[in-house]
Amino acid sequence: MLTFEQPLLLLLFLPIGILVYLTWRRMSMPYAALQRRCILACRLLLFACIILALAGTALALPVSHQTTIFVGDISASTSSQRSFIEQWINGAIKHKQTDDRVGIVAVGRNALVEQSVQTQVNFSQFESTPDTNYTDLAAGLRLAAAIMPSDTQRHIVLLSDGQQNMEDALQEAQLLQQQGIRLDIVPLPETTGADARIDNFTAPTNLHTNERFQLHARVYSSVAQKATINIYMDQSIITQQSVSLAAGEQDLSFTMLSPSVGFHTFRATLSAPQDAIAQNDEGAAFVNVQGPPRVLVVEGQPGSGRNIVAALKATHIDISVGAPGDIPSTLDGLVPYSSIVLADVPAIELGNTRMQVIQSFVRDLGHGLVVSGGQNSYGVGGYTGTPLEQALPVSMEIPQHKETPTIAVVLIVESLEAQTQINISKEAAKEVVGLLTPRDQVGISAGYGALSIKMQNVTNKQNIDNQIDNMNPVDPASYNPDLANAEQELLHTNAKIKHIILLGDGDAYDNYAPTVNRIANENITVSAVETNALSPQDIATMQNIAQWGKGRFYQANNPADIPQILLKEAQQAAKRSLINETFTPAVVSNHPILTGFTGLPQLNGYVATTPKPAAQMVLVSHLDDPILATWQYGLGRSAAWTSDALGLWTKHWISWNDAARWWANVVTWTLPSQNQGGLDVNGSVTNRGGQITVDLPPGTSTTGKQPQVQAHIVSPDLSQQNITLQPTAPDRWEGSFPTEQVGAYLLQITYKGDKNSSQLSATTGLVIPYSPEFHTQGTDTNYLKLLAQSGGGSLLNPSNTTDAFSESLKPAQASISLAFWLLILAALLLPLDIALRRLSSVEFLRTGYQRLSQLFQRRAKDTPIASTSTASSSLSHVLQRREQIKHQANDTQEIITPTIESRPVTPVQPGVTPATPPKPATSSPPTRSVPLQHITKPRTTSNQPPTAKKRSAEVPQTTPAKPAKKPAETRPAASAPNTREEVSVGNTTSKLVEAKRKRKEQNR
């Protein structure tokens, strides 16, 4: 059976066939009828092959083997049944036929291929790790159908409890049936038990101080039992109550007094004796208490922000003071604060996670950030390339405004022996190279006792990075060879600052005191960064090296912190970004922060940075470097003060009478705008995602341009999305968004009316405390039965694996494409078509066919000579065939015309039969009808070359003479030639006519 991928292309047969036929009819072809018909047939066949190839012609053949793909539901709701799924699949594979193919797909929120489709399957347990917080059976069926080959009978076996919470798999099952794929389902065994859970937990969105409010909890219990509910605010428990739960759902209420001003999280936990699932015993809600803003001041060292704290308290701003480790590592924990002040805080103390939270705090929630400088901040604090640098209006590049001391650094990098996705030591080395300038020099040793990357100026950073990528660090037995080699390399440089940074695990034991002390006496400092140490002795080794080398020691238990440590160490070694000069800051722009100030005191130094293009410069130094820079970052604001706040460079500033108001102005400028209009925002969680409802305050102008309400949503993983709410009632706007993650979602709502109305904003959030997988339990057999029917299958027995390879699958066909062979045939027909139109005759085809037929017939009749009778019959056959050939040659031999050579005519004597002239020995030319006058009249030219004619005249006649005719009547000698010529003409004419008749018969 033939199939076509593009059957509509077959319609080309009609116009192309007509065009070929009309072209053939109008062609000037002086050929025989057979040749004309061959030309037409060849051309039609040529175009037919091309059209069939373009249409995707294929030969469909029935197949008997099948492909079965097992789709295992390994979401959280089936965690206790995963071993059953794995054992069932292993048992089913044993019953497959040799030619059957098997594939395995794991499904949770997403679907992953566990085993590709093949005849030999090596499966013991699931290695794939899809997101288990949700179940999307449709995604699993869709992936199984996508990887299934089409040239086989197709079958899918789904093992699930039927508790899906994303797409609807019924539509996907119906589509599988339409595609000829059978869907069978294995329902998982029931593992239900008594359970209690919190289905919903709500609280008012906006509150005022000292206001009483109620928390509402909807609780479900499958049996009547006693339980205990704990209520938490932020991280502290505020109440504990015992409740009696009846079987089924019930609502509980708790009266509370509003907490302090700010954004707070209330959380409820349930504890019951009969509780099969512990993950669903929690609920959470957000409360925003209106009042004065709260500011978090983070000190890099205790007391480094005390002057800022004192200034803010004098202006009655609510202040909280903490260390870098006190900053919450989640965004919802940071929401209660309106702004954050970092007072000389190094990046390594914050960590990358907290810096990402601070970045989202400003950019996505519209809150504020103020960074104060010092000897541990900005460039010397390792801000380069961090999320914190991205949030600031300045970059950590050192301005090239004056001659700064040059640096020569040797990095000794050994293999960390840690299994990470990237080579941390290499990435750290590249970060340090990126920090240096073309005037600086760097060399890198990989533990071989010599530099793997020679000492060179940092003029081509890309080339150095490529060399670092090709470097293979090792774990040396001693650091002394690398330290000694680094010493010699640095001594041959003319850099002002020379530094060695050793990065290792400290397990290379040796006597390092003499070498390191000698290096330190040569004004070369040595710092050590220890990571992945296995014993206290390893740590002590690295500490001693740093102490003897008059450098610094760092311990990085997390290899991801190493690049930041090395950045800080390189800057600490240079101190180039620290400008220790006295000057008075210059005002370069009119900014709200400067309101009320007529003069500014002197500063004694700052940390050099470079302003970003979008930053607004407020104060600059005598070298035009930023002292105070601000900008709008996303929805929030950030300010960078590059001098310090403790008094290192600001002793005149601290004693200034307006110092408190200065810091108050800087911090309050970063605070988010208050919700003066009082937007009432409520967020809730439904079965399909999050729901937002916004009620506009009374009297909000909505005239003129259509107002717009937008929600900026920050997910638990700090990803972002924006949605536009739609009006559903007067002064009410609603919208929904997907909640595919477990955790807290922060919502920033913005109302924009016409030009005359002000912009309103509000912040709220909603919490998904646990995965929907834990909301229900058990196996939904009715849904699975409906799903199997939609897929043309049935429910299989969970205790019987022999039915996994069904015998009642829809027949399938394997298609063998013929397009290639059709194109090959068309390519062969093209030269044949050209030959048929270029050759004057195709008689050779008939002759060749006849000879081939005779040859095959003769070979078929030929047998080995077994007796004399056989030999005699063969000889007689040869003689008979020879006589036939001679007879055919005589019949088709052309009559030789008189030559142009003049010969004397011998008179014919009476009673003597004239002798037949000798015939030339050459082969006879093709017979053709020659007009009579050409025969009787001597020709002046001949088709034969002269040598051939001469040879013909000299060769004696070999043909037997014909029988003599009756003697002619006696005539005068003069008339003899005429009589002979008439006889010759008559014989020639009759033979020519006969030859012409035979030729016509052959052409017919």
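How many bridges join strand E8 to strand E10 (residues 212-221), and in which sense do the two strands run? Six bridges join E8 to E10, and the strands run antiparallel. Helices (H or I, at least four residues) and strands (E, at least two) are DSSP runs, numbered from the N terminus. Two strands pair if DSSP finds at least two bridges between them.

This is a predicted model, in which local features need pLDDT of at least 70 and side-chain atom pairs count only at pLDDT 80 or more, while totals for chains, interfaces and linings use all residues. Residues are numbered from 1 along each chain as its sequence is written, and side-chain values use heavy atoms, with hydrogens and water left out.

## A three-stranded sheet

E8 and E10 belong to an open sheet of three strands, in the order E8-E10-E13. The pairing is antiparallel. Strand E8 (196-202) and strand E13 (248-257) stand at the edges. Each has a single partner strand, so one side of each is left without a neighbour in the sheet. From one strand to the next the twist averages 25°. Such angles run from 0 to 180 degrees between N-to-C directions, and axes are lines fitted to C-alpha atoms, for helices over the stretch in contact. Within the E8 and E10 pairing, Thr202 has His216 in E10 as its bridge partner.

## Strand E14 and its partners

Strand E14 covers residues 262-271. Eight of its ten residues are buried, so E14 is largely enclosed by the rest of the structure. Buried means under 20% relative accessible area, exposed over 50%, and partly exposed in between (1.4 Å probe, protein chains only).

E14 pairs with strand E11 (residues 225-233) in the antiparallel sense, over six bridges. It also pairs with strand E15 (residues 282-290), again antiparallel, over eight bridges. Phe266 takes part in both pairings: Phe266 is the bridge partner of Met233, and Phe266 stands opposite Ala285 in E15. In a regular strand the side chains alternate between the two faces of the sheet.

## Two helices packed together

Two packed helices are described by the angle between their axes and the distance between the axes. Helix H1 (residues 13-26) and helix H2 (residues 33-54) pack at an angle of about 155°, with their axes 10 Å apart. H1 and H2 are therefore roughly antiparallel. Angles under 35 degrees count as roughly parallel, over 145 as roughly antiparallel, 65 to 115 as roughly perpendicular and the rest as oblique.

The crossing of H1 and H2 is right-handed. A crossing is left-handed if the near helix is turned anticlockwise from the far one by less than a right angle, and right-handed if clockwise.

On the H1 side, the residues that meet H2 include Phe13, Ile16, Val20 and Trp24. On the H2 side they include Leu40, Leu44, Phe47 and Ile51. The residues of this contact divide into twelve nonpolar, two polar and three charged. Ala, Val, Leu, Ile, Met, Phe, Trp, Tyr, Cys and Pro count as nonpolar, Asp, Glu, Lys and Arg as charged, and the others, Gly among them, as polar.

## Helix H13

Helix H13 spans residues 513-521. Its buried residues include Thr515, Val516 and Ile519. What covers them includes helix H12 (480-491), strand E25 (524-530) and helix H14 (536-548).

## Residues in loops

Four loop residues are set side by side here.

| Residue | Loop between | Relative accessible area |
|---|---|---|
| Gln81 | E3 (66-73) and H3 (82-93) | 5%, buried |
| Asp234 | E11 and E12 (236-245) | 28%, partly exposed |
| Glu397 | E20 (394-395) and E21 (407-413) | 54%, exposed |
| Gly778 | E41 (760-768) and H18 (781-790) | 17%, buried |

Contact means heavy atoms within 4.5 Å. Leaving aside neighbours within four places in sequence, Gly778 is in contact with Asp161, Gln163, Glu190 and Thr192. Gly778 and Glu190 are 588 residues apart in sequence, yet 5.5 Å apart in space, C-alpha to C-alpha. With residues up to four places away not counted, Gln81 touches Leu188, Pro189, Thr191 and Thr779. Under the limit of four places, Glu397 is in contact with Ala608, Thr609 and Thr610.

## Positive phi

Most residues other than glycine have a negative phi, and most peptide bonds are trans. Asp234 has a positive phi, near 55°. Leu718 has a positive phi near 70°, and lies in the loop between strand E36 (708-714) and strand E37 (720-724). Just after H13, Asn523 takes a positive phi of about 60°.
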